[in-house]
Amino acid sequence: MSSFAGRMKEYPNMSLDRFDRENLHARAYFLSHCHKDHMKGLKGPLLKRKLKFSLTVKLYCSFVTKELLLSNPKYAFWEDHIVALELESPTLITLIDEASGEREELVVTLLPAGHCPGSVMFLVEGAQGTVLYTGDFRLAKGDASRIELLHSGSRVKDIKSVYLDSTFYDPRFYQIPSRETCLHAIRGLVQDWVSRSVYHTVWLNCKAAYGYEYLFTNLGDEFHTQIHVKSLDMFKKMPEILSHVTTDRATQIHACRHPKDEEFVPASRLPCGSSASDGTPLSIISIKPSTMWFGERTQRTKVIVRTGASSYRACFSFHSSYSEIKDFLSYLQPINIYPSVIPIGRTHADVTELLKSMCRDVSSSAVIYRPLGTLKRTRPEQHTHDVDCADWLFEGADLAPVRKRVMMQEATPTTLPNRPDEPLPLTHIPLITGDYMDCTESNDDDEEERDLEEEERGGERDEGSVSNSGTPPRWEEFFTTEILTESQTSQPHSCSHTSPSHSTLTGSQTPELFVDDSAKLPSPSIPLSAGRGLSQAESMLIQSEDRCQGDALTNLDAGGEESGSHTHQSEPTESQVSSDFDIPSTPDSHTPGPDDLSDLYRRLAAGEEVITRTGTETHTHTAVQIQGPVHS
């Protein structure tokens, strides 16, 4: 009994063997064969109303299935909407949404299923891959290799999914006799019985309306007789079967059926009567083809088993056995397998677990491309650069290599991993508090939310984080004037609270990463051109810092006379106010006046020697640098 809901995951706009519920919205319908469990909703009023107002919805099936369906007056309204497709002939079918006009093109091929007259499998090829819907099928071992359209040239087609008839996918039905084996056993029993007299009759107690035609045709040929059936309407368009059946009850082999309310009657009673035309009682045996009954046996049995005084069971199956299904799947090797029938005594989970071993392992046979995830930090500006290593597949995103971060802590470079799908090891740097994840795939919801928040903030970083660029830093962007940072590091703590740091004013975090507070950096001499190009705010900052610096130097040399330094700071001289250059004060000296400076410039311009005095020593220089008071 089919439990297939009608929709395939790959192509949800088509419905197969189910015509009710959500399938009412399908753009096309497909019928694999005419058994009741595959025709649910096919004559429903809602579907009939849909067909009345639709111009594009069609039902696709085989020619035999079409004739069998239309032979029943209940399905006559389908006549203008049925399209019969040739067997093993790929056909382009366009699924059209009548509301929006959207179109989807599929190539559908009908393959023989071997289940009953007209039964087919549907091979569907489209944008979502190749999919096989088996319907109900019975294929012997090796039959799949003989179906040409399951192949592309000399190889088997790459089938993504199989929607499988799993009726007997249960180890209890590991081996089911072939139809030929069953036919041979039934033929022997019939031969032994009908040869006794013309009043010895065999009744084939067939449950389904279709599917046993294989027995009818072969037994008719063997005994040169016709099989009695109740009606010929279903066979009128099938001449190969019609010639083997009859409504004349004067035959020794019957396949007529009891009415539904008389199904459970003694096997010695024929549905059409238990006596011959001349009134002679008939000697009747019944043979009931079945499979489930044999699957419930705990011991090995023969193909035909006697169950009563005049009744027999014959192991005859419309569906493939467990071993035949395994042979079929191992040949096709699909990626996904979905069971459409649940065996008796099993659950859907049981069958799914059994089928897992038959699915192809795509990781071992093909390269699967997965998304690389998102970086832990986004950048407002990304500078692309050439990368020779194939491990970096982030389409030009600049990542900080491990070597760069190791170099910052003066350690040996870390060897890169061999496989790009493994996360790179994080190197611990005490000064860096940024949250990094190098080349790893991230699927965590919390991490994705953090990434989205950072993107909304425009790529802002936390204080103290390091740029993630792989290119060398451009120091001119961070150190516009080297004087400020170096003067900051050399000033005493008493002045640190009066002037803000350069990084605070400019917004740069880099100087704090490289300056060691414990190091005592000397105050370098200032070239004459060092102060050029400074803004007004920077000039004022220099003046404030120089005042503190002058106080510190005075306190060190004069023994801590703070009052004099504060007086000197409150009345800056003209040279100290100048924004062009600043000259630090020297202990035991006075600031050169305009006349002294004019005389100094004249001597320098004339190339004369300049005598400078530092402490008690006297030196002769020709350099343009003032270290102390100048005397002519």
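The following exchange discusses helix packing, sheets and a salt bridge in a predicted model.

Colleague: What kind of model is this, and how are residues numbered?

Modeller: The model is predicted, and local features need pLDDT of at least 70, side-chain atom pairs count only at pLDDT 80 or more, and totals for chains, interfaces and linings use all residues. Residues are numbered from 1 along each chain as its sequence is written, and side-chain values use heavy atoms, with hydrogens and water left out.

Colleague: Why is α3 called oblique to α4?

Modeller: The axes of α3 (residues 179-194) and α4 (residues 213-223) come within 11 Å and cross at roughly 45°. Axes are lines fitted to C-alpha atoms, for helices over the stretch in contact, with angles from 0 to 180 degrees between N-to-C directions. Helices (H or I, at least four residues) and strands (E, at least two) are DSSP runs, numbered from the N terminus. Angles under 35 degrees count as roughly parallel, over 145 as roughly antiparallel, 65 to 115 as roughly perpendicular and the rest as oblique. The crossing angle therefore makes α3 oblique to α4.

Colleague: What makes residues of α3 and α4 count as meeting, and which are they?

Modeller: Contact means heavy atoms within 4.5 Å. Arg179, Glu180, Leu183, Ile186, Arg187, Val190 and Gln191 of α3 meet Tyr214, Leu215, Asn218, Leu219, Glu222 and Phe223 of α4. By class, this contact has seven nonpolar, two polar and four charged residues; Ala, Val, Leu, Ile, Met, Phe, Trp, Tyr, Cys and Pro count as nonpolar, Asp, Glu, Lys and Arg as charged, and the others, Gly among them, as polar.

Colleague: What makes β5 and β19 edge strands?

Modeller: Two strands pair if DSSP finds at least two bridges between them. Six strands form an open sheet in the order β5-β6-β7-β8-β11-β19, with mixed pairing. In this sheet β5 (91-96) and β19 (336-339) each pair on one side only. The twist averages 25° from one strand to the next.

Colleague: How do you know that β8 and β11 pair, and in which sense?

Modeller: Strands β8 (residues 129-133) and β11 (residues 159-164) share four bridges and run in the parallel sense. Threonine 130 has isoleucine 159 in β11 as its bridge partner. Helix α7 (residues 322-332) lies across β8, β11 and β19, at about 165° to β11.

Colleague: In which sense do β5 and β6 pair, and over how many bridges?

Modeller: Six bridges join β5 and β6 in the antiparallel sense. Glutamate 105 in β6 is the bridge partner of threonine 94. The hairpin of β5 and β6 has six residues between the strands, and glycine 101 there takes a positive phi near 80°.

Colleague: What is the order of the four-stranded sheet, and what is its pairing?

Modeller: The order is β1-β2-β3-β4, an open sheet with parallel pairing. Its edge strands are β1 and β4 (82-84), each pairing on one side only. Strand β3 (residues 59-61) is joined to β4 by three bridges, and cysteine 61 stands opposite alanine 84 in β4.

Colleague: What makes the contact of arginine 27 and aspartate 97 a salt bridge?

Modeller: A salt bridge is a side-chain nitrogen of Lys or Arg within 4 Å of a carboxyl oxygen of Asp or Glu. The N to O distance for arginine 27 and aspartate 97 is 3.8 Å, and the two side chains meet in a salt bridge. Arginine 27 lies in the loop between β1 (14-16) and β2 (28-30) and aspartate 97 in the loop between β5 and β6 (103-112), so the pair ties together parts that are 70 residues apart in sequence. By this rule the count comes to 15 salt bridges.
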